[in-house]
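Let's take a walk through a protein and the molecule it holds. Keep the 3D view open while you read, and turn it around as each part comes up.

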Amino acid sequence: MQLYRLVYYSEAAENLTIQDVKSIAEKASIKNASLLISGGLLYCEGKFLQVLEGGIRPVNKLFDTILQDKRHKNVNLIYFSRVSKREFEGWNMSLAFFPTSRDFFPEYIKYSGDLSFDPLSLDGEVCVELLRRLLERKKHAVPTT
Ligand code: FAD
């Protein structure tokens, strides 16, 4: 299978709660597994940054569905390219939730001069690296309770 990677940015609908976001990610994880799609979803300051990786048809079809979803708006495609390997292997749709980009300082400031979360100011490959690093951080986090 030829692999493709798609990155987009969007803004959450006004009434969306963190429980809604968690529910989107949980259901997405199950559906993406069946489509052999890997990726990650970052939610920060009411904005989404998502990476989808997989075959060209499943990725396009899923993106078309996501575009029509009223739970977000102003969807902007940032990056779409054929790639040689998955960066999100083993993650069908892992969620990274941060109330503000200050919560993932210094990762964010390494890539952006501005602390307010604005993925449109970042290069697509930088978005991929940032999201992967945040999910890695989550994977290695030690529970505090
Ligand atoms: P259905 O659930 O019947 O969806 C039919 C249509 O209704 C779709 O157009 C869907 O977009 C919309 N829809 C479904 N539930 C709601 C709701 N509660 N409120 C408003 N509209 C709704 N799905 C994935 O499978 N993988 C992903 O990686 C993924 N990422 C997402 C990221 C974001 C930011 C958002 C907002 C949604 C994401 N979704 C994802 C959900 C996706 O949009 C669909 O809801 C889901 O794929 C199921 O769609 P369906 O057509 O199979 O079935």
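## Strands, loops and a ligand

Start in the middle of a strand: Leu41 has Gln50 of β3 as its bridge partner. Keep in mind that this is a predicted model. That pairing is part of a bigger pattern, since β2 and β3 run antiparallel and are joined by 7 bridges. Together β2 and β3 make a hairpin, with 2 residues between them.

Now look at the other partner of β2. β2 and β5 run parallel, with 5 bridges joining them. Here Leu42 of the pair stands opposite Ala96 in β5.

So where does that leave β2: is strand β2 enclosed by the rest of the structure or not? Strand β2 covers residues 38–44, and 7 of its 7 residues are buried, so the strand is largely enclosed by the rest of the structure. Buried here means a relative accessible area under 20%. Ser38, Gly40, Leu42 and Cys44 point one way from β2, while Gly39, Leu41 and Tyr43 point the other way, and all of them are buried.

### Around the ligand

Gln50 turns up again here. The ligand is surrounded by 17 residues, and the closest are Lys31, Asn32, Gln50, Asp69 and Arg71. Some polar protein atoms sit at these distances from an oxygen atom of the ligand:

| Residue | Polar atom | Distance to a ligand oxygen atom |
|---|---|---|
| Asp69 | side chain | 2.6 Å |
| Arg71 | side chain | 3.0 Å |
| Thr65 | backbone | 3.3 Å |

On its own, the ligand exposes 870 Å², and the protein buries 63% of that. Which elements give two or more residues to the shell around the ligand? They are α1 (18–34), β3 (47–54) and α2 (56–67). The largest share, 4 residues, comes from α1. Sorted by class, the shell has 8 nonpolar, 5 polar and 4 charged residues.

### A buried serine

Next, hop over to the loop between β5 (94–98) and α3 (107–111), where you'll find Ser101. Is Ser101 buried or exposed? Ser101 has a relative accessible area of 0%, so it counts as buried. Leaving out residues up to four places away in sequence, Ser101 touches Cys44, Glu45, Tyr108, Leu115, Ser116 and Phe117. One of those, Cys44, belongs to the set of β2 residues you met above.

Pro106 has its place in the loop between β5 and α3 too. Phe105 and Pro106 are joined by a cis peptide bond, with omega about 10 degrees.

### Some unusual backbone angles

Why stop at that bond? Most peptide bonds are trans, and most residues other than glycine have a negative phi. Two residues are worth a look for their phi.

Glu45, one of the residues that Ser101 touches, lies in the loop between β2 and β3. Its phi is near 50 degrees, a positive value in a residue other than glycine. Glu45 is partly exposed, with a relative accessible area of 28%.

Asn74 sits in strand β4, which spans residues 72–83. Asn74 isn't a glycine either, yet it has a positive phi of about 50 degrees. With 45% relative accessibility, Asn74 counts as partly exposed.

Definitions and conventions:
Residues numbered from 1 in each chain as written. Predicted model: local features only at pLDDT ≥ 70, side-chain atom pairs only at ≥ 80, totals over all residues. Heavy atoms only, no water. Near = heavy atom within 4 Å. Polar contact = N/O pair within 3.5 Å; in protein donor to acceptor, adjacent residues only side chain to side chain. Areas by Shrake-Rupley, 256 points an atom, 1.4 Å probe, with all protein chains shown as cover. Nonpolar A, V, L, I, M, F, W, Y, C, P; charged D, E, K, R; others polar. Buried < 20%, exposed > 50% of the residue type's maximum accessible area, 1.4 Å probe, protein only. Contact = heavy atoms within 4.5 Å. Pairing = 2+ DSSP bridges.
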